[in-house]
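Work through the exercises below with the model open beside you. Try each task before reading its solution.

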Protein chains: 2
Amino acid sequence: MPDPTPTRDQILDASEALFARQGFRSTTIKEIASEAGVNSALLYYYFEDKETLYKAMLSRLIEGLVSSIADRIQGVTDPEEGIRQFAAAQAETILARPLLPRLILRELLDHDARHAHEPLSIAVGRGLVPLAHLIEAGQRAGNFRRDVNPHFAAISIVSQLMYFFVARPAVAVLLDTGSGPIPPDTVRAFARHAGDFAVKALSI
Amino acid sequence: MPDPTPTRDQILDASEALFARQGFRSTTIKEIASEAGVNSALLYYYFEDKETLYKAMLSRLIEGLVSSIADRIQGVTDPEEGIRQFAAAQAETILARPLLPRLILRELLDHDARHAHEPLSIAVGRGLVPLAHLIEAGQRAGNFRRDVNPHFAAISIVSQLMYFFVARPAVAVLLDTGSGPIPPDTVRAFARHAGDFAVKALSI
DNA sequence: CGTTGTACTAACTAATCGTTCAATTAACAG
DNA sequence: CTGTTAATTGAACGATTAGTTAGTACAACG
């Protein structure tokens, strides 16, 4: 991990936005350079090639990501409260960086492509572990049903908000929202629903 | 919708597989032609250009899709049973055509790109409507909690299996499955879990 | 047999895009 | 100022790829 410089960060910011919106292959070096306000040759001064730039961008992303949500449920002892917190934290993380779900889903979809970056898939998978532990704790405490696979349940919980954002065009049809981004109030309402949905599904 | 011919269908089959795995931009005309066993210029005999081919492939997909899952819950009167049937139908549909979720998610992600095809997003959104109706029926009948938004709940239900498939690399990390496709038994087990999860979340 | 239309192909064109490189400017130490 | 290194650029190269064109094979039909 090389030292961050202002220009280098501008390039990473630009590539994050464009890769999220358009994907790896549809995003050109010149587009990124233009968005970052620099000459396209400069990207090769800071990064070896397009793929390296992409992976550097994902690495920077992972650092801030894994901690952000997992930390939020670290101190929580009550499993029910932990699940609600998790959903809320997921929603706030995404609201703060709306491009995140698209970036992650694209990476998962392109996992077997040449430019893929295993660490992200692994990080996403590992991000589910504390959630599964929380559910197991609830089962041991007698609050949650024991006939539920904690791993499956963890997937069910994260899937809701992920899909909600990524399937925005379809969700907009159903909710009759406009074509722009989904209003933050609606997002928070859905996050409360998702937490509630999971807690009710798990509780005895 | 032009008359289907064997060669035309071969081309559509090949493009479906390749677009699902690699996305629109990463898939070349020659690749599709090679997979279909024909010369690349022949694609321009049957289709105007790459984008038209892509849209034709999606149109063919939608026809068989919307009916397939929606029909399955058409005759069902018991809402609880309907939700379980929906999850099972979703799983069987995907098991029969494993490329479906990736194709749909890619299209949703690329919705604002040039090659996008609104009809699919609309079809996916509309596919949720009968599910929402089922939940409303359950609420009226007094079986389901009334403090749940039926639209939100419909999203929660479909999201589970969608994410389960699309996030395969991350799911594999959590479940400690290998790198290949997830075993059908595991898929069906998750589908049962998803139906159960939803029913328990909704029931009073 | 000649004509006509359909299915199909090899070879080419034009444009795009990742990448390189020589040259220019900015930063700054002595 | 001067020399040295780091940061930045314009212009070009080479590879890839969507799309075109001109033509061939062949069946149907008169």
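**Exercise 1. The fold of chain A**

How many helices and how many strands are there in chain A?

*Solution.* Keep in mind that this is a predicted model.
Step 1: count the elements. Chain A has 11 helices and zero strands.
Step 2: read them in sequence order. The pattern is α-α-α-α-α-α-α-α-α-α-α.
Step 3: take the extents. Along its principal axes, the C-alpha trace of chain A spans about 60 × 40 × 30 Å.
Step 4: check burial. Chain A has 204 residues, and 43% of them count as buried.
Step 5: look at contact range. Take the contacts in chain A between residues at least 6 apart in sequence; 65% of these join residues at least 24 apart.

**Exercise 2. Relating the two chains**

Determine which rotation and which shift superpose chain A on chain B.

*Solution.* Step 1: recall the general form. Two copies of a chain are related by a rotation about an axis and a shift along it.
Step 2: fit the chains. The rotation is 180°, the shift along its axis is 0.0 Å, and the RMSD is 0.1 Å.
Step 3: name the relation. It is that of a two-fold axis.
Step 4: locate the axis. A:Ala201 is the residue of chain A that comes closest to it, with its C-alpha at 1.9 Å.
Step 5: compare the surfaces. Both copies use the same one: 100% of the contact residues of chain A recur in chain B.

**Exercise 3. The contact between the chains**

Find how many residues each chain brings to the contact, and which helices of chain A supply them.

*Solution.* Step 1: count by chain. Chain A gives 43 residues and chain B gives 43 residues.
Step 2: list the helices on the chain A side. H6 (100-109), H7 (118-127), H9 (150-166), H10 (168-175) and H11 (184-202) each supply at least two residues.
Step 3: find the main contributor. H9(A) has the largest share, 11 residues.
Step 4: sort by class. The side of chain A that touches chain B has 26 nonpolar, 12 polar and five charged residues.

**Exercise 4. Around the DNA**

Identify the residues closest to DNA strand C, then those nearest DNA strand D.

*Solution.* Step 1: take strand C. It is surrounded by 15 residues. The closest are A:Thr28, A:Asp49 and A:Lys50, together with B:Asn39 and B:Ala41.
Step 2: classify that surface. It has seven nonpolar, five polar and three charged residues.
Step 3: take strand D, with 14 residues around it. Here B:Thr28, B:Asp49, B:Lys50, A:Asn39 and A:Ala41 come nearest.
Step 4: classify again. The surface near strand D has seven nonpolar, four polar and three charged residues.

**Exercise 5. Positive phi at Asp176**

Is A:Asp176 buried or exposed, and what is its phi?

*Solution.* Step 1: set the background. Most residues other than glycine have a negative phi.
Step 2: read the angle. A:Asp176 has a positive phi of about 65°.
Step 3: place the residue. A:Asp176 lies in the loop between H10 and H11 of chain A.
Step 4: apply the cut-off. A residue with 12 or fewer other C-beta atoms within 10 Å is exposed. A:Asp176 has 8, so it is exposed.
Step 5: repeat for chain B. B:Asp176 has a phi near 65°, also positive. B:Asp176 sits in the loop between H10 (168-175) and H11 (184-202) of chain B. B:Asp176 too has 8 such neighbours, so it is exposed.

**Exercise 6. Helix H1 of chain B**

Compare the reach of H1(B) with the expected span, then list its buried residues.

*Solution.* Step 1: get the length. H1 (residues 6-22) of chain B has 17 residues.
Step 2: compare spans. From first C-alpha to last, H1(B) reaches 24 Å, close to the 24 Å expected at 1.5 Å a residue.
Step 3: list the buried residues. They are B:Ile11, B:Leu12, B:Ala14, B:Ser15, B:Glu16, B:Leu18, B:Phe19, B:Ala20 and B:Gln22.
Step 4: look past the end. Just after H1(B), B:Gly23 takes a positive phi of about 90°.
Step 5: look before the start. B:Pro4 is in the segment before H1 of chain B. B:Pro4 is exposed, with 10 other C-beta atoms within 10 Å.

Technical notes
Residues numbered from 1 in each chain as written. Chains lettered and ligands numbered in written order. Predicted model: local features only at pLDDT ≥ 70, side-chain atom pairs only at ≥ 80, totals over all residues. Near = placed C-beta within 6 Å. Nonpolar A, V, L, I, M, F, W, Y, C, P; charged D, E, K, R; others polar. Contact = placed C-beta atoms within 7 Å. Helix = DSSP H or I, 4+ residues; strand = E, 2+ residues; numbered from the N terminus. Buried ≥ 20, exposed ≤ 12 C-beta atoms within 10 Å, placed from the backbone. Least-squares fit on C-alpha atoms with pLDDT ≥ 70 in both. Expected span 1.5 Å × (residues − 1).
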